[in-house]
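Let's take a walk through this one together, with the sequence and the fold side by side. Have a look first, and then we'll start with a pair of charged side chains.

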Amino acid sequence: MAWLKRKFSIVFVCLFFVNQNIPAQTIHSYNFTDLYQTIAEADKYDAILSHSIDSVYLLLISTPSSDLSKQYKLSAALFDLYKVYKYDSAYFYAKRCQQIAYKSGDKEKINDSRLQVCFTLLSSGLFKETGDSINIISVNQLKTNAEKQEYYTLQARYNYDLADYAHDNYFTNYYNHLASSYVDSLLALCTTESFYFGYYKGLMAIRMGKNEEATNCFTKLLTANNLTNHELAILTSTFCDIYIKNGNVDSAVALLKQAAIADIKSSTKETSALFTLSQLLYKEGDIDNASNFIRHANDDAKFYGSRQRKVQLISILPLIEAEKLKQVESQKKALIGYSSVITLLLLAVIILAVIVNRQVKKLKEAQIIISEANKKQQEINEELSITNAKMSELHQREQEVNKALGVINEKLSSVNNKLFESNRIKEDYIGFFFSTNTDFFNRIDRFKLLAEGKIRERNLEGIKYLINNIDTRKEKEDLLRNFDKAFLKIFPNFIEDFNQLFEPEDRIVLLDNEILNTNLRIFALIRMGVHDISKIAQILEYSVNSINTYKTKVKNKSLIPNDKFEQRVMQIQSVNQS
């Protein structure tokens, strides 16, 4: 057996040299189980926020547009839900609040909505636009304490962000000093027990290099145990800066992990915690976790629409991914080395197997039988899995077919309704056409008989009287009036439905002797299917430019976007359809 021992010794020597060629990498061990669990549950927390958004939105669309106070309140509530979740939606409702505020003339609401717009622009990294918006606000115009606090908070955030963006020896100090002056004004308005008093006092201390004072402020807030998830995230992500500067990576990582968890639970997408955590882990050599977290941070930045975060991510994401690729290459080399060693070990095992073949022959036979049985069982399981997959696919196709049939039925119903309406229009307007033409031809016949009599009598004055007695303007008015009556017979609710597309003060009010006016006749003809502007102008005896002017004025007053207005008019029903 001595020769066998020598072969194993050679194998172990090879294994030793392979291990020597594998690059060593020092990785700190951090426990991120709770963070990964929270990331896995992110959709659950986002769904809760989405439910709240949907509830407020349903209240908003059911509120009359004339109730400006409630419209503003609900729009402001939607802004609060979106402001750290999604930039474009937050900006939309901030601007909506601003429009309602200007419409109502409420100065307090105007100031609040301006501050909302500034908050959204700043959160998305639009520094120039933020500066343009916030500099038109005068603190002397702000009446309430809350408005002034929000103003000073935004000014402080804006200038601190500019300081971080400048990152030089001159402008950074300038912006930090300016931001600290705004923090002083903010602290004068806050109660000493409030969260924002302790937080901004600590933040100003960090910026001034007073880390011990900042630590006392933040530690006191952390022990309060009454913080919301969003407040906890803001606090811990700021607190970690002290430990990063002091080189205490473990404490910084613990705080950033706490901040990231709080951000996810509060559905905050405008966040820097995961980004900062990824940077630290990358420097510590924990590439796998750094890569996972930076990807999640990148997804959050894209979802929110934060330009500032995207720029920051671009600077670190390629480095982390490159390091991860390098790590994979190292692992590949190590795998090749281990494969070589395993090959040698396999040869040794084969040699040993030959030596003990007689003793384990029966055992091998039993193992072959068991292996074949397992293989057959595996084949049966695979067949069952394929069958289940096919059944699932058939069920899915059946659902798709049912869904397609539902869509087809819905389209058929829509087509039937349109055919019913088209037939009704044809029937009524054919009757209108024949009735009008019959009356017209009867009058022509009477005129012809009278004219022939006057001609036979050579009564030129009588002929002249007959001709002058023809009032073409009245004939045209009678024709339009008959058109109005026939149209309203088909579309009895047209005027009421048409007015629903406007604010009460912009709705059309007819005169006592009017059935339809020019504005209504234009869109009545469109509803009848006459979309050619020149044809409408010819029927109503206006120029094409005049018809376009009438249409544009009406559309501009509408609650419906201009490009959707005619489509909405075409949806006005002719009769009640079941």
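Which residue forms a salt bridge with D34? That would be K257, with the closest N and O atoms 3.6 Å apart. A salt bridge here is a side-chain nitrogen of Lys or Arg within 4 Å of a carboxyl oxygen of Asp or Glu. K257 sits in helix α13 (residues 249-265) and D34 in helix α2 (residues 33-40), so this pair ties together parts that are 223 residues apart in sequence. Helices are DSSP runs of H or I with at least four residues, and strands are runs of E with at least two, numbered from the N terminus.

A quick word on what you're looking at. This is a predicted model, where local features need pLDDT of at least 70 and side-chain atom pairs count only at pLDDT 80 or more, while totals for chains, interfaces and linings use all residues. Residues are numbered from 1 along each chain as its sequence is written, and side-chain values use heavy atoms, with hydrogens and water left out.

Back to that first pair: K257 is buried, at 18% relative accessible area, whereas D34 is partly exposed at 36%. Buried means under 20% relative accessible area, exposed means over 50%, and partly exposed is in between (1.4 Å probe, protein chains only).

By the salt-bridge rule, the count comes to twelve. Another one joins K103 and E503, whose closest N and O atoms are 3.5 Å apart. K103 belongs to helix α5 (residues 87-104), and E503 to the loop between α20 (494-499) and α21 (518-527), so the two tie together parts 400 residues apart in sequence. E503 is buried, with a relative accessible area of 12%. Setting aside residues up to four places away in sequence, E503 touches S65, K103 and L559; contact means heavy atoms within 4.5 Å. Elsewhere, D46, K269 and D300 are linked in a network of salt bridges.

Now let's settle on helix α10. This helix covers residues 195-207, 13 residues in all, and reaches 18 Å from its first C-alpha to its last, close to the 18 Å expected at 1.5 Å a residue. The expected span is 1.5 Å times one less than the number of residues.

Why is α10 largely enclosed by the rest of the structure? Ten of its 13 residues are buried, so the surroundings wrap most of the helix. Among the buried ones are F195, F197, Y199, Y200 and L203. The cover over the buried residues of α10 includes α8 (145-166), α9 (171-189), α11 (211-222) and α12 (229-246).

How about the two ends? S194 caps the N-terminal end of α10, with a side-chain oxygen 3.3 Å from the backbone nitrogen of F197. After α10 comes G209, whose phi is positive, near 80 degrees.

Helix α10 has a salt bridge too: the side chains of R207 and D164 meet at 2.8 Å, N to O. The pair links distant parts of the chain, with D164 in helix α8 and R207 in helix α10, 43 residues apart. D164 counts as partly exposed at 43% relative accessibility, and so does R207 at 27%.

One last stop is E213, in helix α11. E213 is partly exposed, at 32% relative accessibility. Leaving aside neighbours within four places in sequence, E213 is in contact with K201 and A205. The C-alpha atoms of E213 and K201 are separated by 8.9 Å, and the two residues are twelve apart along the chain.

Key: A polar contact is a pair of N or O atoms within 3.5 Å; within protein, one must be able to donate a hydrogen and the other to accept it, and residues adjacent in sequence count only if both atoms are side-chain atoms.
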